[in-house]
Amino acid sequence: MLSQPISVTFDIGGGRMVTIETGKLARQADGAVTVRQGNCIILATVVANKDPKEGQDFFPLSVDYQEKFASAGRIPGSFFKREARLNDYEILTSRLIDRALRPLFPEDYLCEVQVLVTLVSSDFEVMPDALACLAASAALAVSDIPIKEIISEVRIGRVDGKLVVNPSRTELDTADMEFIIAATDKNLMMVEGKAAECGEEDLIKALEIAHDAIRIQIKAQEELRAKKGVAGKRDYKKPEQNEEIQQKVIAFAKDKVYEISKSASSKHVRSDAYSKLKDELIASLGEAPTDADKKFVKKYYEDLKWEVVRNMIVDDRTRLDGRSLDQVRPLAMEIDPLPTPHGSALFTRGETQSLTTVTLGTPLDEVLVESAAKSYDSKFFLHYNFPPFSTGEVKMMRGQSRREVGHGNLAMRSLKQLMPGNDYPYTVRVVSDILESNGSSSMATVCAGSLALMDAGVPFPKHVSGVAMGLITRPSDGKYAILTDILGDEDHLGDMDFKVTGTRQGICGVQMDIKVDGLSMDTMREALEQARKGRLHILDAMYECIPAARAEVKPHAPRMEKLFIDKEFIGAVIGPQGKIIQEIQRETGTTINLEEVGNFGEVSIFSPAKEGLDKAVSWIKSIVAVPEVGSVYEAKVKSVMPYGAFVEFIPGKQGLLHISEVSHKRLETMEGVLSEGDIVKVKLIGLDQKTGKFKLSRKVLMPKPEGKPNGQG
């Protein structure tokens, strides 16, 4: 007999009920739940191997979030009509879950764990990514997989000045703050989000409200676990230890590690010295140490470096490269280092360097952002590339990693806060190539992107900079150190990686991972204030490099002009089967995009040359022009008759130039006077209201013969 499903329901605010259920779907997984709000249903499963792989010395956790298109009643648009590799949105959601879950597992737990989160039913107004981590944590909670704590995750947005937990999609469209926050019952663990230049206290308030909402969700998971009757967590094989080798490592290397950490200011000098000391350490063990012994040496040596450097920073208040705690590394920046891109900048901070370019495109270059519930075209996007040479390594090039997608997204949404609105005609692509990396290349991308956008002539109103902060704590005596502009090694050994971007007026983006328990809001305030000072220091240098955006795009960038025409003329501009608009583009070398907006047609004309742009603009204006009596036109003779000539004075509009209006001289015949294809200037002198025929005259524009009365030949 099948067991009955078990569920709990709670209110996330405003009568919005969320139900977590287990025991009905995917029962062979170690843990499986569904989370439902409205018509949105998410299935989360978790499975862990019973034993680690032989010789494995790391924790293999994989998290994949995927949206089934059937969940929204849609068929994928790809050639194969099925879900393929995860798109950027799914990768970013997977990272949000992964970063929150990873610290939950014991440090000595090395069994492979796979978490799969799937959107199986979509509700347009319910944002599924805000519920995905709740589902993943609940699946772990009802399993026997060993985790230290239960967590949850919520989105918080500020809508019309009010902070809302898990706002609807419609509410989110008008929010000026949006953060995803993960936490345990006691501690914040992860923050990711953006804001329209919010203040530091605004962020603190959002964190506090989000944490209260998370506690409600954790309580619901505990209730579900109790209802299921999870007895305890499974035992697992722990890595072997060798205290004898550990003590030898400490005795031989502790003081030497301190000296290297204190004196080597360069990353490569320090790395070489550490590597040489490790070789000496292995040699000190005696003849022919076993592979197992070498493995223990490596582990304990890394542990020793972690402890020694942390204590050095906390006690000596100095860092690996000799800087003070709040000091930003030396800055160097320039704009326009590359002659051909539409905008470019080179930004260097210490041993981190970004070469960033900006390309201006047409609406045809917009990128499709697709999810199950909603797909839209984006006119601004940023790509971040992290080649292996940037860290002096050799690796296979296998396309963009999840890390590259995540870092690019952090920079993109930070810069997007200051991008012009939808009426800006260009599609803008920013590409950051990291040429050197030793800490916070994503923040270098933000700075280089801001410089390059201004260099490209994008109307970017103010600079955005970013700085990566670190935190090292020592619970034994309560001491801690907040670090500005952290190095790669400081990121690895620290208790918090905290990236903040913004302008002089406020915060634009945040990405934070916290590894320490009991981080107080006072410490958070101190870190935010130190980050603000570091951000302002970098901004000052950026304004010295380029104080404002170029007034115009560069000469080789595509020129653009936008026209608004009456809706009735859209067909005339396009022509039968698109012949007219294709002819204009072909003859002028332009790219023309025409969209219907309300009662108007929006015509965007792009051209690499001003001459072609002017010609296309004039052509389109002539098509949509309304003939005005008294106006003068250049007309083309289309046909010649005995009684006059039919001329096209506006594209698509013809009139009769009567023989009596051709010249002041009386003409008996049109032969030899005008020929088909001639260009003549004519004036519109009348319009027959009954027939709609145009009356044109050439002679009124010609000098009158002397002695002739007006109107006589």
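Student: Let's start with Asp98: does Asp98 count as buried or exposed, and at what relative accessibility?

Tutor: Keep in mind that this is a predicted model. Buried means under 20% relative accessible area. Asp98 falls below that cut-off, so it counts as buried, at a relative accessibility of 15%.

Student: Which side chain meets Asp98 in a salt bridge?

Tutor: Side chains of opposite charge can pair when their charged atoms come close. Here the N to O distance is 2.9 Å, and the cut-off for a salt bridge is 4 Å. The partner is partly exposed, with a relative accessible area of 34%. The side chain that meets Asp98 is that of Arg102.

Student: How many residues apart are Arg234 and Asp144?

Tutor: These two form a salt bridge, with their closest N and O atoms 2.9 Å apart. Arg234 sits in the loop between helix H4 (200-228) and helix H5 (243-263), while Asp144 is in the loop between helix H2 (129-141) and strand S7 (152-159). The pair links distant parts of the chain, and the separation is 90 residues.

Student: And is Asp144 buried or partly exposed?

Tutor: Its partner Arg234 counts as buried, at 11% relative accessibility. For Asp144 the relative accessibility is 29%, and the buried class stops at 20%. So Asp144 counts as partly exposed.

Student: Which helix holds Arg270, the salt-bridge partner of Asp489?

Tutor: The N to O distance in this pair is 3.6 Å. Asp489 belongs to helix H10 (residues 488-493), and its partner lies 219 residues away. Asp489 is partly exposed at 34%, whereas Arg270 is buried at 1%. The helix that holds Arg270 is H6 (residues 267-283).

Student: How do H6 and H7 cross: right-handed or left-handed?

Tutor: The axes of H6 and helix H7 (residues 291-316) come within 11 Å and cross at roughly 135 degrees. That makes H6 oblique to H7. As for the hand, H6 passes H7 in a crossing that is right-handed.

Student: What does the contact of H6 with H7 have by class?

Tutor: On the H6 side, Tyr274, Leu277, Lys278, Leu281 and Ile282 take part, and they meet Lys294, Val297, Tyr301, Lys305 and Val309 in H7. Sorted by class, that contact has 7 nonpolar, no polar and 3 charged residues.

Student: At roughly what angle do the axes of H8 and H9 cross?

Tutor: Helix H8 covers residues 402-416 and helix H9 covers 441-455, and their axes come within 9 Å. The crossing is right-handed. The angle is roughly 45 degrees.

Student: How many polar residues does the contact of H8 with H9 have?

Tutor: From H8 come Arg403, His407, Leu410, Ala411, Ser414 and Leu415, and among the H9 residues they meet are Ser441, Met443, Thr445 and Gly449. The contact has 6 nonpolar and 1 charged residues, and the polar count is 7.

Student: Which residue of the Asp321, Arg323, Arg329, Arg349 and Asp485 salt-bridge network does Val467 touch?

Tutor: Val467 lies in strand S18 (residues 465-474) and is buried, with a relative accessible area of 1%. Its contacts beyond four places in sequence include Met443, Thr484, Phe498 and Ile538. From the salt-bridge network, Val467 touches Asp485.

Student: Finally, how many salt bridges does the structure hold?

Tutor: Arg102 with Asp98 is one of the salt bridges, and Asp489 with Arg270 also meet in one. For the structure, the number is 44.

Terms used. Residues are numbered from 1 along each chain as its sequence is written. This is a predicted model: local features need pLDDT of at least 70, side-chain atom pairs count only at pLDDT 80 or more; totals for chains, interfaces and linings use all residues. Side-chain values use heavy atoms; hydrogens and water are left out. Axes are lines fitted to C-alpha atoms, for helices over the stretch in contact, and angles run from 0 to 180 degrees between N-to-C directions. Helices (H or I, at least four residues) and strands (E, at least two) are DSSP runs, numbered from the N terminus. A crossing is left-handed if the near helix is turned anticlockwise from the far one by less than a right angle, and right-handed if clockwise. Contact means heavy atoms within 4.5 Å. Ala, Val, Leu, Ile, Met, Phe, Trp, Tyr, Cys and Pro count as nonpolar, Asp, Glu, Lys and Arg as charged, and the others, Gly among them, as polar. Buried means under 20% relative accessible area, exposed over 50%, partly exposed in between (1.4 Å probe, protein chains only). Angles under 35 degrees count as roughly parallel, over 145 as roughly antiparallel, 65 to 115 as roughly perpendicular and the rest as oblique.
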